[in-house]
Structure formats: structure tokens, C-alpha cells
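Got your viewer open? Let's take a short walk through this one, selecting a piece at a time.

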Amino acid sequence: MAERLLIVGNGMAPGRMLEHLLEKASGRYDITIFNAEPRVNYDRIMLSPVLSGEKSYEQIVIHGDGWYIKNGITLHKGTKVTGIDRAAKTITTDNGLTEAYDKLVIATGSVPFIIPVPGHNLPGVLSYRDLDDVDAMILASKARGNAVVIGGGLLGLEAAAGLAEQGMDVTVVHLMPTLMERQLDASAGYLLKKQIEQRGIKVLTGANTKAILGKDKVEGVELEDGTVLPASLVVMAVGIRPNGWLAKEAGLTVNRGIVVDDQMRTSDPDIFALGECVEHRGATYGLVAPLYEMAGVLAKTLVDEPAAYNGSVTATKLKVTGISLFSAGDFAEAKDREEIVLRDAARGVYKRLVLKDGKIIGTVLYGDVEDGAWFFQLLREGADIAEMRQTLIFGQGYAGGTPLDPMAAVAALPDEAEICGCNGVCKGKITGAITANGLTSLDEVRAVTKASASCGSCTGLVEKLIGLTLGDTYAPKASKAACGCTDLGHDDIRRLIIAKELKSIPAVMQELEWKTSCGCSKCRPALNYYLLATWPGEYVDDNQSRFINERVHANIQKDGTYSVVPRMWGGMTTAAELRAIADVADKFNIPTVKVTGGQRIDLLGVKKEDLPGVWADLNAAGMVSGHAYAKGLRTVKTCVGTEWCRFGTQDSTGLGIKLEKFTWGSWTPHKVKLGVSGCPRNCAEATIKDIGIVCIDSGYEFHIAGAAGMEVKATILLCKLETEEEVLEYTGALMQLYREQAHYLDRIHKWLHRVGLDSVKQQIVEDGVRRRALFARFVQAQKFAQVDPWAERVAGAFDYEFKPLADLRISQAAE
Amino acid sequence: MKMSSDWLDIGTLNDIPKRAARVVKTARGDIAIFRTMDDQVFALDDKCPHKGGPLSQGIVQGESVTCPLHNWVISLKTGEAQGADQGCTRTIAVKLQDGRILLSWPGLAVKAA
């Protein structure tokens, strides 16, 4: 006769326990399960993907109805156990059943903690524990509107992300100063907050909920500081507590949770407990890994095999698509601990290992969690890491890896990596064509695939691919190395940044095998520009990789002082601006004031520590940086045009101002100067500018590639245009093409010489779709570029640049 | 052995970003304090041996700095110009102790007029 095993609760822990038990002794027990939820066993970890709409309930079921039938298990769905009679060894249910047991397993899980603020029981206030909660949230989100999630822990953030995904306007209210403070340290919490906010979710930390407002249903949340947040849905996710009331009623020992020993036995030898409802050696658990460990132990105990649960070290992962974080163990700071930290701000990566006695005891990873499992394994094994300590933080691949060979970066590219940006040709297409058609030269590859057939920027890469495919029989022409730190040329570097999606200087140096630890004054500014141009809004500028002028937004002079040039749009100024400039010159004792060739005013001889003060006064008069120091848009020189001139054919001044307002702030491979002349007499000298517009009766001549440097270059007429809108579109598109293709420190004429006029003409004049795409990318990049750098620094950014570290002049004088 | 009073506390390592420099003003001219990528600290007269350019404003690469005026590369360890260029900038003893930067006080005083 089989023993009767009753199980109260049908969550993931008893589900896993039953799998083990059935495997060991399928006939030993006659099993009955009581589940308060009207469902089978499903994967609660996957509730977040259900909420965000990425998965359905059916996809997260672990044990379907058939499983229970096949294994002869009786499942009472929607039946709540209300009492245990330990003397009679029976249980009773809310629908009047009484069932006898030989062995009883309590797996009642946990209940959400509800803060008892006024209004907590209004309709529209939900917790986040089971599928009913998720269904209610999805229903509520149909009406869009505002949701407030109280609690910035694991569950709260998953709920917030899911609701935002469903189209709600979500605010997270968190009591502590940083998010997920139990799993993350402050640095990782900061990165998480930034990323959550980028998804349009508002995050209020250090915010205490005072009351939930509303008459018949939720209308808002009031915080301690008086802030009122409107809300049609409030999710409370401030924590869980073990659900031990049934056990307590039955007289079992219950502290925070149902107390169990190492065999998962409660204070009654025939009653066991597992999962979130238990307390083992003083600890309670809310994550799945320890629950599964308990399940294994209990299954063995039930078949009289020796087994002991020794507690768990837990690891956390957040299940929000696109956010990668991992934490495990103990990562609090203490005297006897050491830490290894790796930060890569540009990529939003933060890795921290906490060591004690040569072993990992805790880890926090953010942004790059690939090595989480490995670190966690080392942590659980208590492995001695002394041997690999130097490279440990870089992860398993690095700790055991060998250096890459020169071709490896290209060989490692996936087949779908785009090699030729002009003609949209990917790696697989090129290598495929070489093999299929027996191609043996660059010209043949160009003819068949069109790769490298337009601007030629990808020639180096295409040659490497031919070399890789054909082996030693092909010797690619070596492209000129960008500097002594690398063998790669500028084109190769630019294409590989895109193909390998490299988004920081350390990533480029790592992946492209830089020979120096932190580059040099040639490659770093180039890489900084390439990354900025390739990943607008994503790449974080590396201040230390900029030449001093771009770092402090002024021009260094021979005596170490600086010059300051405010922008004068299209060369236009006002009496008020001139007065402000004069006042600044007086106030800061600026020795020289000069009119520049770009139609603006240069203040020379400004002391570095005076720069923020000078800028503040110029800002106050409405002026911004003229970027006279930048590899970027400098000036737009104009003549007076139809406004005043008897020969003027168009409003050259107005067009110049429009062009300058459109293009200012953009970073380019070298300086870019524009000119707009109102008639072919060309008083604005437009035909020696990088881009020059000459107005004519029928419209505008669009000239490019002039310069008045060591070599004087007259422009080339690219095309004639009819409207100002066209001029703006062509200018944006041309600047973008230059930004995307040119080598750092090549002006437009040098770039044009390299890629050829035909290639530029084809992409800017003949191919309208491509021109408009280039224009759109320029507009997108400008969204992030048009910030006045002076105002940022007046507001305090990089303040260390403008202050001495220490001033010893007074103490020395006193000696 | 140097007396501890020979060392002047001029700030913390974190006052200087990695691969950057800041200036200490003294009665006899500026001293540039450099911090490298791997957190070494160096102190040099803030004057390029070429034309006196402020080295503190240059780009720090490994253990050298490129002068902002004419791209001379100066070793932070020795003050010597690198490559074909000839010249030397005075270095001043500096050390790190518990995250604080200590500058040699006698080192400052013996500066040639």
C-alpha cells in the first residue's frame, strides 16, 4: 500500500521536488496536490516576459495537465488548505474536503508585503506575484495612462519595464538612495537608473510613499515630500515575506518562515516544508536556485536517502530585455576585503569582484555579464584565484585565451557584418563570391560584388578577406598604419568599428590589438572622433583623448594663455553683443581684441582660470562658443546679399545664418568652413571654403572642397540647386558623407581627392535616396552635438581643468 | 631617509583624472602633476624644453606627454624629450601615500633661478 503524500502549494519548488521524487521512486507515494491558484505549475520567473508581451502563459507552463495524469497525481486546482490536524494527520480545505496524509509537504510560498499606507486597499493597487496580478496589470495598461511602481528592487523594476512596454507612463518610487540596493552596489545602481530612465521610465529614489490617493479607485500616489504622482495603476513591489500562517496555526515552529532542518523537516517529523515559505538556519530565500536545491534535498529525504541542505549563495539577474546585470554573494566593503574594479563608462560597463583571503566572495557585474556564471562558480567553489588575479576581471576568455593573430579580427567577423557601407555588401557575400566565382584579385571582387567599388574606404578589409579566403597565394597591399600603435590604416579602423560594433576606445584597442596600453596623441583623438561620429548619442566623449583646445574649448597660445571666439551667426552681430564683449575684455584684462577672417571677434591672452568667467559673461549676453578651436564647423562667412547689395541675387546673409544654425556643434575629421556669396562677385570668398554657396539669379551653386591653407584650393562646382531647403539638405548630406568616410585630419579636399569626385557626386547628387539618408543621419547626430560647451563648463562640468591642484605661492612666500 | 615634513600633501589621486595633469602653482613657476592610466604619479616643471609650452595641457600617453604647442614628446619619468628631439625638463620627486599625493618640498626649493 502506497504512503499518502499531500502537498500544499503548486509552485516551482514542489514541482521540481516531484520530478526528483518520481525519478527515484515513482510508485512509493500516492500524491495529492492542493493549489490555491486555479492553475498547473508554471514558471513564475517568466512573469515579466508575459507582462511585457514577449511570452504567453502557455509558453511558461512547466507541467501541463497531462503530466499530472500520466504520473497519477491528483491536483486540486483553486483549492485552499485551511487547516492541519497533526494528531489525526489530516488536512481540511476551504471547499470542505478532509484528506489523510502519511507525509505532508508545505510549500505555501510567500506573500507580497503591502505597506499599510492609507489607500493601500483601493481597487487598482496590485502586487506582483502571480499570473492574476499580471493579467490585471495587462488589463489596466490597455487604458494607457500613468502607473506608479512602489519599490525599485528586482520585481518592481521588472514590473515597471513591462508596464512601459505595454505603453504606460511609469514612475518608480524607491525608498532607498539607489535601485536594487540589496543586489547592487551604488555604482551599478547608478548605471541601472540611467538605463531605466533611458527607457522613458521616471525613477524617484529616496522617496517615501505617504498615501495612495483616490475615492473609489486609485487616482494617485502622495509622497512624504508632498509630491503627488497621478496614477490609474499602482504596483506594490516592496518585498515578500514567507507565508507561514498555515504552519503556525498547526502549531509548528515559525519565525520569519517555517523553521526547517537540513533535511527540510519542520518541528513535526512527518511534515516538511520547502521554498519561499521556509526559514533555514535563519535565512529565507526568494530566488529560484536555492529553492531547487531544497527540492533536491527533500526528494532524497522522502525516499530515505541521506541528504542535507547547507544554505545557498544566491545570484541575481534582472529579466528586463536589454539590461544586463548580475550579482552574487557578499559585496559590502570591509577592512579585510579587497576589490578589483573595471569600469568602462563609454560602454556602460562596471565589473567588481570582492576578494577575501584570496577567494571571490562577491561580484557585481553591469553591462557585460558574460562571465557571471564563471565568477559565480569560482565563488561557490571557494577557488583560490591568486594565480589568475591579474587578468581575473577580464573574464574566463581572457584568463585562458591566447593573443589574436593580425588577421583574426577580420576572420572573427560574422558573415552578416557589413564591409562596404556605400553598396551595402556584407562579409559573407564577398567570401562567397570569391569561392563561387574563383575570384583572385581586388578588381574582380569589385566587379562582381561592388564592394570597395565606390569610395574605396573598405579596400583594406576587402583585401584582407581575399587573403583569408585564398590563403597565402594572395598578398594584400598593406594599408598605411594610422600610427605606431597599430598596423591598421584609418579606413580599416573605421570599418571595423562599425562591423564589430566597437563603442569605446578601450574596446577598439582591445579588439583591434593595439600595441600600446593607452594609445598615443595621434590615434586617441582619431579614435575618439571615429567613435563619436559612428555612435552619436551613445558614445561618451573621452575628454583626455582630445587635444587641449577641444578639451577646454579655447585656443592655446604660445605663452600658455588662451583665445576666445564667440559665435556670430553668419557674421552678424549687435550693439549689445559688442558691448558685452568690450565689458569682458575690460573685466578680465584681456590684452588683445582682434577681428578674425571668419567674421567674428577674437579675445586673445585669456588666462586659463579666467575662461569659465569669460564664458559666463558671454553666455549671459546670449553668445555661445564659436568652436574656433574645433575639428568641426567653424564659421559661415557671408556677404550682405539682397538685403542691401545692389548686385545681390539671393538672401546670402539669411541663408548663411540658417546654415550655421543647422551645422554648428558638429564634429568633423578636420575643420569645416562655409561661405555664402550673394552673387558671382563672391565677396564672401565662398570658392575657397570647404563648402561654398554662390547665389545666382536662378538659385544656388553648390561648391565643395576649397581651402585656403598651405595649399590654396579653389572649390569644385558639384551642382546647381534651386531652393534654400535643397542647399540645407545637400550641405547636411555632404558633411555626413565626409564625417563617415574621411580619415581624421583630412579636410574635405583631401578626402575628395582620395575617394574621387565621381563617388561623391554619385552619392550626393545622383542617388536621392542615399542623399536623404545621409541628411537624416546628420540631423540625428546634431541632436546630440548642439550643446554649448561653454555653458556646460560654466555650470561646473570638468571644473578641475580650470583650477590649480594646489597653490603654494603664499606658503612659500611666508618662509 | 627623508623627514615626513619634507613631503608636502598637495591633494588626492582622485583630484586628477586618469591620463591627465593638473598644476601646482609655486612662487617659482608652475609644476605639472601627471596621473597615468595605471595610476602612477609624476611631477615636472610645466615647461617644455623646446619653447616652454605648458606640458600639463598635453595628451598623456603611457609614461610620456605630448606638448600641446609643437608635439614634442616628453618622458614623465626622466623629463627627457623622446625621439629625435633634444632637451630635458626638470622632474620633482613625488609619491603616493594612502591615496594622497606628496610632493618633495626640498625638490621644489632647489630649482635653478
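Among contacts in chain B between residues at least 6 apart in sequence, what percentage join residues at least 24 apart? In this predicted model, that share is 41%.

**Stop 1: chain B on its own.** Select chain B and switch to cartoon. You'll be looking at 10 strands and 1 helix. Trace the chain along its sequence and the pattern reads β-β-β-β-β-β-β-β-β-β-α, with the helix coming after the strands. Chain B has 113 residues, and 45% of them are buried.

**Stop 2: where the two chains meet.** Now bring chain A back and pick out the contact between the chains. Chain A puts in 22 residues, while chain B puts in 26. On the chain B side, try colouring strand E1 (7-12), strand E2 (20-26) and strand E5 (59-61): each of these supplies at least two of the residues that touch chain A. The top contributor on that side is E2(B), which gives 6 residues. Next, colour the chain B side by residue type: 14 are nonpolar, 8 polar and 4 charged.

**Stop 3: a strand pairing across the chains.** Keep E2(B) selected and add residues 806-807 of chain A, which form strand E41. How many bridges join E41 of chain A to E2(B)? There are 2, and the strands run parallel. To finish, show Asp807(A) as sticks and look for its bridge partner in E2(B): that's Lys25(B). So you end up back on E2(B), the strand that gives the most to the side of chain B touching chain A.

Note on methods:
Residues numbered from 1 in each chain as written. Chains lettered and ligands numbered in written order. Predicted model: local features only at pLDDT ≥ 70, side-chain atom pairs only at ≥ 80, totals over all residues. Contact = placed C-beta atoms within 7 Å. Helix = DSSP H or I, 4+ residues; strand = E, 2+ residues; numbered from the N terminus. Nonpolar A, V, L, I, M, F, W, Y, C, P; charged D, E, K, R; others polar. Pairing = 2+ DSSP bridges. Buried ≥ 20, exposed ≤ 12 C-beta atoms within 10 Å, placed from the backbone.
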